[in-house]
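This report concerns a single protein chain and the two ligands placed with it. The sequence and the structure are shown first.

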Amino acid sequence: MIKEIEAVTGPIAQPDEKAALQAVQRLNSLTKPPGSLGQLEALAVRLAGISGTEQPVYAKRTVVVMAGDHGVCCEGVSAFPQEVTMQMADNFLSGGAAVNVLARQAGAEVKFVDIGMIGDIDHPELINRKVKRGTDNMAAGPAMSREEALSAVLAGVRVAQEAVAGGTEILVTGEMGIGNTTASAAILCALEGLSPEMAVGRGTGIDNERLLHKIAVVQRALDVNWPDPADPLDVLSKVGGLEIAALTGLILGAAASRTPVVLDGFISGAAALVAKAVAPESTAFMIASHVSGEQGHRLLLKRLGLEPLLDLGLRLGEGTGGVLCLHLIDSISRVMSEMATFESAGVSGADKL
Ligand SMILES: Cc1cc2ncn([C@H]3O[C@H](COP(=O)(O)O)[C@@H](O)[C@H]3O)c2cc1C
Ligand SMILES: O=C(O)c1cccnc1
């Protein structure tokens, strides 16, 4: 493994079992039948283990939107033209994208990072970490070089470290990049040995004819590049994307600093799959916010070993599902700190048989 990545993954520790156990005990002491808050209880236990405290509260939350362009767009794999990535960048920076609205409601800050857009945007809040002006067409050759993929991963790690140093207590993954469901599907095929038919979905809403074409394009990308499933950086560079690589770094950086990282949809999931291939222990720090409407996402989450909290048929990306999930995290935090216990409320416990 590359030494710069090893330096990041080396410190990734196991969750704190003692804090997790304390959370279980607290949940069982609250005035409700044991386990009756379902997946929210499992969430509370996982968060306690990640943060190393029985009742973590996440005051400062940040959604990071990594933006990059995709050379494979020239194959006609999206319902929208490539220039939408740049146009949406303006929209994110002026607060008008869906994730801006949902983040305001959830009290989260949006950080927008140019990791690989074709053009340049001049805005004081844009974080410029451009590695390359869009990937090359993966159906004709590698999307980028190994060095570029590594640079994008390390840029993502740095964004996570800077956010944590700035007080962020929980991170949400977001992305913007027309064509990135194609790259994500190719990563899923390359790492998990799935057929493109199983991994490719409709992205922004392509019709049946274009879907068949997109499947063929992913197959061609795999045939042309032969990405090595045992080498995650090879997969990222040949059939990945700059924003996907940066999200892989963000996730690894979060795990290394014991910061929970809330995964959004299919593209974030592909980045997480690469993070898992690099450092399997990093999955302990990931929260799967939702299962998206994109074909292949449910399967992807199974491969990550994560249970999604929401199933709303979202298929937008940007970090929208991740930010929505912050409300659930707040809910279980309040349950942990505000609910009465059987003892404090004088409520009888379960009958002993
Ligand atoms: C206006 C608009 C806003 C978006 N926000 C996120 N995406 C989402 O759609 C893109 C992936 O779909 P595909 O692979 O089919 O291009 C990504 O940019 C993703 O973030 C958007 C797409 C559009 C058109
Ligand atoms: O699952 C997602 O995140 C997704 C699906 C379709 C388009 N953009 C994003």
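The text below proceeds from the overall fold to the ligand shells and then to selected residues and one helix.

**Overall fold and confidence**

The structure is a predicted model. Its chain has a mean pLDDT of 98, with 100% of the residues reaching 70 or more. The scores for the model are ipTM 0.99 and pTM 0.98.

The secondary structure of the chain comprises 15 helices and six strands. The chain is as compact as a globular protein of 353 residues, because its radius of gyration of 20 Å is close to the 20 Å given by the globule rule for that length. Measured out along the principal axes, the C-alpha trace has a span of about 70 × 45 × 40 Å. Of the 353 residues in the chain, 54% are buried. Among contacts with a separation of 6 or more, 77% join residues that are 24 or more positions apart.

**The two ligand shells**

The table sets out the shells around the ligands.

| Ligand | Residues in the shell | Closest residues | Composition of the shell |
|---|---|---|---|
| Ligand 1 | 18 residues | S78, T181, G203, T204 and G317 | seven nonpolar, nine polar and two charged residues |
| Ligand 2 | 13 residues | G265, F266, S292, R315 and G317 | three nonpolar, seven polar and three charged residues |

G317 is listed among the closest residues for ligand 1 and also among those for ligand 2. Which elements each supply at least two residues of the shell around ligand 1? They are α4 (84-93), β4 (170-176) and α7. Of the elements, α7 gives the most to that shell, with three residues.

**E318, an annotated position**

The UniProt record, an unreviewed entry, places the feature "active site" at E318. E318 lies in the loop between α13 and α14 (320-338). Is E318 buried or exposed? E318 has 28 other C-beta atoms within 10 Å and is therefore buried, the threshold being 20 or more. Neighbours within four places in sequence aside, the contacts of E318 are V65, A97, A98, V99, G174, E175 and M176.

**H290, a second buried loop residue**

H290 belongs to the loop between β6 (286-288) and α13 (297-304). H290 counts as buried because 23 C-beta neighbours lie inside 10 Å. When residues up to four places away in sequence are not counted, H290 touches G265, P308, L309, L310, D311, L312, L314, G321 and C325. One of these contacts, G265, is also one of the closest residues around ligand 2. The C-alpha atom of H290 is separated by 8.4 Å from that of E307, which is 17 residues away along the chain.

**Helix α10**

Helix α10 (residues 232-239) is mostly covered, with seven of its eight residues buried. The buried residues of α10 are P232, L233, V235, L236, S237, K238 and V239. In an α-helix there are 3.6 residues a turn, so residues three or four places apart point the same way. What covers the buried residues of α10? The cover includes the helices α6 (146-165), α7 (180-192), α9 (208-225), α11 (242-256) and α12 (266-278). Of these, α7 is also the element that gives the most to the shell around ligand 1.

Terms used:
Residues numbered from 1 in each chain as written. Chains lettered and ligands numbered in written order. Predicted model: local features only at pLDDT ≥ 70, side-chain atom pairs only at ≥ 80, totals over all residues. Near = placed C-beta within 6 Å. Nonpolar A, V, L, I, M, F, W, Y, C, P; charged D, E, K, R; others polar. pLDDT = per-residue confidence, 0-100. Helix = DSSP H or I, 4+ residues; strand = E, 2+ residues; numbered from the N terminus. Rg over C-alpha atoms; globule rule 2.2 N^0.38 Å. Buried ≥ 20, exposed ≤ 12 C-beta atoms within 10 Å, placed from the backbone. Contact = placed C-beta atoms within 7 Å. UniProt positions renumbered as here; feature names shortened; annotations may be inferred.
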